Amino acid sequence: MSKPVAREPQRSNSRSNRARILATAREELGRNPDVTLEELARAAGVVRRTLYGHFPGRAALLEALAEEAAETFRNAVEAGPEPGEPAEQALAWFVLRMWRVGDRYRMLMALTQRDLGSDRFAEVLAPARQAVTGILERGQRDGVFHSHLPPAVQSTGLMALIVALVDSVNTGALEDDGRRIATSTLIAAGVPEARASVVVAEVASAMGMGTAAPAQDT
């Protein structure tokens, strides 16, 4: 009587291949947003049949990466600033934290909006937008942020600003380590420029970030 075939190693190899394909896709899409699935398979060290077995098309691959990004953002939100943190520091902390987490997904954010649609893109960013709304509510009560817009509306505008600045980093128009984007976000929320720069510098230092990126010629 023959022994039953072990299935766990196959499942383990399948999970390993899938994880390797996703990690390779994040890296390669960051270099070339139009990289083909065949090129990704070669870069990941798998045959095309293996890649297509996990992701039958580009949309399926991007959807898997979008879900991975959404989960990463949700985890970052859950590890948010201390509840008693002043609102302006909390917003700076949040943007810098999201930049750290989201830096590897910068190009994916653009691809998700382009290839999967604005609704899916909004779903990926929903946890971040909700967290910013909560910070804005507190900041408006404390008088440190503009109050001419409802917090949820202001949050949507700030997220659009952040996405636009991230896109500028993608295209090479802006060089940043997150500090300029954080400063711009605070200014847009209503913090004076000089104060915003100080707050971001303090938070960045507390997070153990190095020296600020050099200013670019305009």
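Here are some notes on this predicted model, going from the overall fold down to a few residues.

1. **Overall fold.** Ten helices and zero strands: that is the whole inventory of secondary structure here. Reading along the sequence, you get α-α-α-α-α-α-α-α-α-α.

2. **Burial and surface.** Of the 218 residues in the protein, 41% are buried. The exposed area comes to about 11,700 Å², with carbon and sulfur atoms supplying 52% of that.

3. **Contact range.** Take the contacts between residues at least 6 apart in sequence: 70% of them join residues at least 24 apart.

4. **Helix H4.** This one covers residues 58–78, and its length checks out. At 1.5 Å a residue, its 21 residues should span 30 Å, and the end C-alpha atoms are indeed 30 Å apart, so the two agree. As for what H4 tucks away, the buried residues are Leu61, Leu62, Ala64, Leu65, Ala66, Ala69, Ala70, Thr72, Phe73 and Ala76.

5. **Arg120.** Is this arginine, which sits in helix H7 (residues 118–142), buried or exposed? It counts as buried, because its relative accessibility is 12% and the cut-off for buried is under 20%. Its side chain has a polar partner: the side chain of Glu63, at 2.8 Å. Leaving out residues up to four places away in sequence, Arg120 touches Glu63, Ala66, Glu67 and Thr112. One of those, Ala66, is itself on the buried list for H4.

6. **Helix H2.** H2 runs over residues 37–44, and its buried residues include Leu37, Leu40, Ala41 and Ala44. Why do these four belong on the same side of H2? Because they cover an arc of only 100 degrees around the axis. Just after H2 comes Gly45, with a positive phi near 75 degrees.

7. **Thr24.** This threonine belongs to helix H1 (residues 8–31). At 12% relative accessibility, Thr24 counts as buried. Where does the side chain of Thr24 reach? It goes to the backbone oxygen of Arg20, at 2.8 Å. Setting aside residues up to four places away in sequence, Thr24 touches Leu40, Ala43 and Ala44. Leu40 and Ala44 are also among the buried residues of H2, so they lie on the side of H2 described in the previous point.

Definitions and conventions:
Residues are numbered from 1 along each chain as its sequence is written. This is a predicted model: local features need pLDDT of at least 70, side-chain atom pairs count only at pLDDT 80 or more; totals for chains, interfaces and linings use all residues. Side-chain values use heavy atoms; hydrogens and water are left out. Buried means under 20% relative accessible area, exposed over 50%, partly exposed in between (1.4 Å probe, protein chains only). A polar contact is a pair of N or O atoms within 3.5 Å; within protein, one must be able to donate a hydrogen and the other to accept it, and residues adjacent in sequence count only if both atoms are side-chain atoms. Contact means heavy atoms within 4.5 Å. Helices (H or I, at least four residues) and strands (E, at least two) are DSSP runs, numbered from the N terminus. The arc is that of the directions from the helix axis to the C-beta atoms. Accessible areas come from the Shrake-Rupley method with a 1.4 Å probe; for residues, only the protein chains shown count as cover. The expected span of a helix is 1.5 Å times one less than its number of residues.
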